[in-house]
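Reader: I would like to go through the labels given to this structure and hear the reasoning behind them.

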Amino acid sequence: MNKRSRFILVLIVLVLCALFLKPSVSWYFRTPADVQKIALSSLEKIRDESEKRAREDVASLVDLVNQDSAASLDKSFDYVVKAAKKAYKNAKKPVPASMGVAEVLSAFTSSAELQGVIENRYRKMYLKAKDNYNNSVKLGLDLSGGMNIIVHADLDAALEKQRETAEVADVEYFKKQAMTQAVETLTSSIDKFGLSSPVIRQQGEDRIYIEIPGQADGESVNSIIQGKGILNFRLVDENATNTFSQYYASVGPEAFNDDGSLKDASVVPADCEVFGYYTKDAYGLDQRLGYIAVKKNVALDGNHVKSAQVSRDQTTGQTEVNFSLDAEGAQIFAEFTGAHVGERLAIVNDSKIKSAATIRQAITGGNVSLSGGFSVEEAQNIQKVLQTSYLEVPLKVESQQIVGASLGQQAINQGIKALTVGLILVLVFMIVYYLGAGFYAVVAQILNMYIMFSILSAFNLTLTLSSIAGMILTVGMSVDANVIIFERIKEELALGKSRAAAISSGFDNAFWAIMDSNITTFIAALFLSQLGTGSIQGFAVSLAIGVCSSVFTALVISRLMFDFNTEVIGHKKISIGWGVKQ
């Protein structure tokens with residue numbers, strides 16, 4: 001590879017690394033702590049916070065213009081001024097020369113329109129921060145603090161319980177379905193608990209891995225895990241729903257306390273509760289469409305559901321959800337539906353309303369059909385909700401590890417200190433021992449760390465203490481490659497070769513020695529990453545990345561710096577150690 005090609009390759013790599021690192025830099029160094037807190041929460045909470053802050057800003061602008069009709073806007077509202085000018089133009093009205101608070105408010109037809117502009121700004125800010133977090137290097141629990149839990153799902157017990165009411169034709173399919181539902185139920189429950197960005201995934205056939213960053217109450221989390229999502233059927237109170245909708249339109253998210261209860265309980269009758277009405281969006285996330293008031297009295301408990309499936313009506317072609325009840329449930333449901341024909345019945349799961357269908361007639365026999373113009377996806381989501389009532393999967397916490405935030409910060413400081421001190425000592429040694437050539441090793445070492453962090457960010461990998469250990473080991477290995485190259489160059493100089501010839505021969509002779517040692521290390525790291533778990537895997541991944549980046553910086557970047565000083569600057573001699581004669 002000639003010098004021009006090498007330069008272009010290095011330039012491309014460095015630019016790509018900058019793009020990969022951008023989300024991490026934005027998240028950890030440019031995003032305020034209060035914005036990070038909201039961005040780490042659920043999309044629903046982001047929407048509520050955006051709406052709340054927009055309402056507050058509109059109220060502050062109205063108060064400001066009431067106090068001083070000639071008041072001017074702060075620069076932080078420049079985007080509102082821009083939207084106001086656009087509104088004037090769309091309405092074919094002259095744009096005022098001076099855009100004060102009064103002129104901005106006059107540009108919009110209502111406060112709701114202005115609130116929408118401001119809310120959109122907050123929403124974009126929080127979602128951008130969330131996107132930066134999702135694409136940045138994550139800190140492991142040993143650095144950020146938090147809780148690590150492994151849960152065992154007793155699928156055999158779930159199978160035996162199901163066989164008490166119905167025969168299971170395909171055991172493997174049932175266990176797979178039960179496991180999937182257990183993961184989804186835990187995800188929903190823990191997310192509702194308000195924990196930031198929990199990691200919940202299946203591990204093996206019957207275990208669930210849960211990782212919750214930040215501070216969390218272990219007892220509360222355990223109660224969620226060992227508990228079960230409550231599913232029941234309740235009657236919708238239309239009058240209370242309409243009354244609350246009008247109330248919510250005026251106060252917004254301020255209608256609720258932090259625990260989800262109403263601040264003003266008198267808004268709805270004492271025998272009613274208000275829950276959010278949810279459906280799944282295009283990303284499979286719960287999307288709140290509004291609020292519905294339902295009776296506190298449970299019409300039918302979900303434990304009476306025996307099975308649920310999605311089908312299509314042979315006459316209308318509409319997608320339906322059919323489920324069957326046990327004998328007791330069938331009798332309860334027949335009596336209840338017969339007494340409330342024409343009213344809506346809501347399916348409530350984990351304090352979320354997933355469906356609210358109208359009762360057309362008394363439903364007898366225990367076989368129930370839900371229809372209402374559902375799409376296939378909506379019907380499948382309702383089916384999953386119903387399945388939580390009869391897929392009884394006992395869960396047991398097998399292991400739990402809690403790392404305090406202060407301990408995590410201490411680990412970060414110690415890890416950074418170890419990496420920094422080790423890097424500085426190695427670089428000082430290289431400069432003192434190899435003089436000018438040692439400076440090339442310093443640059444290559446810094447770029448090596450830059451590339452490593454960029455790759456971690458590009459693949460959204462998690463940085464742990466073991467990962468930092470792998471990086472520290474990489475520092476030594478990277479310097480080792482430079483040492484081999486420099487010693488080969490010194491040998492060529494001792495034979496009386498010129499600077500250019502010595503550099504060329506030195507790199508050529510060192511190539512396979514470097515590749516042999518790094519390939520064997522990479523193979524070992526590869527096996528460790530595949531066979532190891534936890535900290536071992538983190539160490540192996542960072543080591544594998546470090547091996548690749550150190551080879552690139554030693555053989556490509558170092559060679560480019562040597563060639564640049566030889567062919568472009570025109571140096572005839574080389575500073576590569578004490579007592580080296582040329």
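Author: The model is predicted, and the turns below take its labels one at a time.

Reader: Why is C17 called buried?
Author: Its relative accessible area is 5%. Buried means under 20%, so C17 qualifies. C272 also has a relative accessible area of 5% and is therefore buried by that cut-off.

Reader: How many disulfides are there?
Author: The count is 0. A disulfide would need a pair of cysteine sulfur atoms within 2.5 Å.

Reader: How many aromatic pairs does a search of the whole structure find?
Author: The search finds 18 aromatic pairs.

Reader: What makes the pair of F233 and F323 stacked?
Author: The ring centres are 5.7 Å apart, and the planes are at 20°. Pairing needs centres within 6.5 Å, and stacking needs planes under 30 degrees apart, so this pair is stacked. F233 belongs to strand β5 (residues 231-235) and F323 to strand β10 (residues 319-325); with their positions 90 residues apart, the pair links distant parts of the chain. Both F233 and F323 are buried.

Reader: Why is the pair of F486 and F562 called edge-to-face?
Author: The centre-to-centre distance is 6.0 Å and the angle between the planes is 75°. An angle over 60 degrees counts as edge-to-face, so the label follows. This pair too links distant parts of the chain, with F486 in helix α15 (residues 465-494) and F562 in helix α17 (residues 535-568), 76 residues apart.

Reader: How do you know that F486 is buried?
Author: F486 has a relative accessible area of 0%, and the cut-off is under 20%, so F486 is buried. F562 is likewise buried, with a relative accessible area of 0%.

Reader: Which residues do ring pairs link into a cluster?
Author: The cluster holds F429, Y433, Y434, Y440, F486, F507 and F562.

Reader: What lies over the face of Y278?
Author: K352 does, at 4.8 Å from the ring centre. The distance limit for a charge over a ring is 6 Å, with a further limit of 35 degrees from the ring normal.

Reader: How far does helix α12 reach from its first C-alpha to its last?
Author: Helix α12 (residues 327-339) has 13 residues and reaches 19 Å, close to the 18 Å expected at 1.5 Å a residue. Its buried residues are G329, A330, F333, A334, F336 and T337.

Reader: Why does S24 count as buried?
Author: S24, in helix α1 (residues 3-30), has 6% relative accessibility. That falls under 20%, so S24 counts as buried. Leaving aside residues up to four places away in sequence, S24 touches F29, S136, V137 and S457.

Note on methods:
Residues are numbered from 1 along each chain as its sequence is written. This is a predicted model: local features need pLDDT of at least 70, side-chain atom pairs count only at pLDDT 80 or more; totals for chains, interfaces and linings use all residues. Side-chain values use heavy atoms; hydrogens and water are left out. Buried means under 20% relative accessible area, exposed over 50%, partly exposed in between (1.4 Å probe, protein chains only). Helices (H or I, at least four residues) and strands (E, at least two) are DSSP runs, numbered from the N terminus. The expected span of a helix is 1.5 Å times one less than its number of residues. Contact means heavy atoms within 4.5 Å.
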